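Reader: I am new to this structure. Please take me closely through one part, the sheet and what packs on it.

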Amino acid sequence: MFKKLKAGFESLKAGLARTHNAIMGSVESAFNLNNGESREELFERLEESLITSDVGVKASMEIVGNLRTRLVGWDTNKFKEYFRESIYDILKEVEKPLEIDKNPFVIMVLGVNGVGKTTTIGKLAARYKAEGKSVLLAAGDTFRAAAIEQLEGWGNRVGCDVIRQAQGGDPGAVIFDAIRAAQSRRSDVIILDTAGRLHTKVNLMEELKKVQRVVSREMPGAPHENLLVLDASTGQNAINQAKLFDEAVGVTGIALTKLDGTAKGGIIVAIAKEMKIPIRFIGVGETVDDLKDFDAHDFVEALI
Amino acid sequence: MFESLSDKFRKILKDVRGQGSLSESNIQEALKEVRLALLEADVSFTVVKDFVNTVKEKAMGKEVLESLSPGQQFTKVVHDELTALLGGEDASLELKGKPAVIMMVGLQGSGKTTTTAKLALHLRSKGRRPYIVPADLFRLAAVLQLKKLASEVKVECFDSTNYKKPSDICREALREASLKGHDIVLVDTAGRLHIDNTLMDELKDLKEILNPSEILFVADSMTGQDAVNTAKGFNESIGITGVVLTKFDGDARGGAALSMRMTTGQPIKFIGTGEKVDCLEVFHPARLAGRILDMGDVLTLIEKAQTAFDEKQSKELQKKLKKDQFTLDDFKDQLQQIKKLGSLESILSMVPGFDALKQAKDIKIDEKEIARVEAIINSMTKAERAETSILNASRRQRIARGSGTKVQDVNKLIKQYEDMRKMMKKLKGAGPRGIKGLFQKWM
């Protein structure tokens, strides 16, 4: 058990290795060199590193600003400790793992094109299946060519049913079928795929609202989770995405994908700071096990 | 909510007038704003540093021209410099070899498969005979996706279904392409990370087999600071020849493009502007420069307006206007002309300050509005279109039913039309440019 946890942390650490280097690399080398850089220069270096990791200008300035007032004099250990705390305080607030506390539990998966919605669904299905739950997938992306087949591929791999209609069909109708099927089959978890859409497209956001209405009508209280999938390589636009999807259907959780070893992912801090939406999952690699519950403590440990 | 950058420049530099020229001390503040704007637009930190220094050099010592305010002068320097960095050289496709091969590469989810189909359509419409080759065997159903898209754009597609290795696909597809007389081969590859050595080596092998004349790096316009490393990684391992910027129809400022351009030295060749297969445009540096700086791009807009407005139609319209015969049919024609300009959102986003306005006032663009108006007009009889005064309540109800709208929508449209007609009456003597000029003034 412990070994497994440890392995989990290692893959997280590997996933964040470059982000860690990007943030801490230049700061640490300055510590070690001890080349007489002033305190102020070090703060500037840190601010630069944070911006380079997509934390955003505003959030980076705030974090460094607080550090500047808190740190009296100069002490490398204190500096690291306070820095770690300041990031942890921001992330702690959004650390709320998804609890499957209803039966059936309906998860609607949302996001812009190409962030990894279908893959995330596949991984989620595998996880719940492994926990002994019966999982039903709904192929609600009727727009993109072969999106349905992609989800069916995951269904086969994981071993769960996929409710589908033809491409170009009405997503509302697919979802309707899926809810009915789940009720008669007594599925524990229903995961609804939706077509990728840019958050600025009014018509497509209206369509999403409609899908949500169909779900709530057929099963009061559902969807229990509107999971927004964000790509970790996205820049400041991720905040706009979160805002507009939240305005349209209410986002209850975020999955951050593709935290896979490149220098990125700082956007998670910006979003946590600005939006306060729970971060449920982070994807740190390509395999099924690489979708993990977000843990603020581990995340900060791996990062700093 | 946000002040546009050019407004900020204007305020910061308003006192410079009379000092004769821009100097290091008086542009310091403005340079800081440039830096912030670029960082917020996701331009990479190092690129921003270089850029700010260049702007400083270019701007310093510049005499403030009589005709421009110092703010305008500075804006021009920044905009010109950014445009120059983003473009400059000829960015058309280089198609050498028989057949010429184009390889599509990039990260997962950047839009390679969709872009492959879009590009095939673009080339087909230019009279070429492209051949689509799906070589992404990793992502589930990627081959099927491209096959479906290929049939949608009516371009022949290699059948990759029974292959296990992308290299075998490429070899066989090249042979097929020559046999079938295709002059361009488009190869879609699996998404991969630039730090994944195994997969990058696979890409090198494919390059060896294909000997492509173009290797296009497909990148998401929403990419953050890492764009620099990704583009650099791909460029260093396989050497890219250009960038395609996707999902440009969202609200990302697209600063990553500048980073990619600066680190690879390769031009941005196309932008993807929508989900449909015909949404691919040739890249315009000035347009992106304006967007990164949130200054809009009036120039592109005017160009677009000029090509879309049919000269002949607009002359006929002028005649009608003079005789006060502007009917609802003409109104519909006008709407169709506007539609030719692109989506409403894309037109409006080129207007300076529109993005800020949209955020401040929560303006929603409904692309279906034009379609609705057309449906309403189509549901009218000829007589009704010619003379709206005969539209009584029961006629209006019938039209609403026929067009699937509400009576209020019909009323609103008729009111708009009548207002427009009134206004046009006033503008009868609008000069030789007539209606065309009028529309330009509006936008």
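Author: Here is a close look at the sheet and the helices against it. This is a predicted model, where local features need pLDDT of at least 70, side-chain atom pairs count only at pLDDT 80 or more, and totals for chains, interfaces and linings use all residues. Residues are numbered from 1 along each chain as its sequence is written, chains are lettered from A and ligands numbered from 1 in the order in which they are written, and side-chain values use heavy atoms, without hydrogens and water.

Chain A has an average pLDDT (the predictor's confidence in each residue, from 0 to 100) of 89. In chain A, 93% of the residues score at least 70.

Now the sheet. It is open, has eight strands and pairs in a mixed way. Its order in chain A is 3-2-4-1-5-6-7-8. Strands (E, at least two residues) and helices (H or I, at least four) are DSSP runs, numbered from the N terminus. Two strands pair if DSSP finds at least two bridges between them. Strand 3 (161–163) and strand 8 (291–293) of chain A are the edges, each pairing on one side only. From one strand to the next, the twist averages 25 degrees; angles run from 0 to 180 degrees between N-to-C directions, with axes fitted to C-alpha atoms, for helices over the stretch in contact.

Strand 2 (residues 135–138) of chain A runs parallel to strand 3 of chain A, joined by three bridges. Ala138(A) stands opposite Ile163(A) of strand 3.

Next, the helices. Helix 11 (residues 267–275) of chain A packs on the sheet. Helix 11 touches strand 5, strand 6 (253–257) and strand 7 (279–283) of chain A; contact means heavy atoms within 4.5 Å. Its direction makes about 170 degrees with that of strand 6 of chain A. Helix 10 (residues 237–249) of chain A lies across strand 1 (105–110) and strand 5 (225–231) of chain A. Helix 10 runs at about 160 degrees to strand 5 of chain A.
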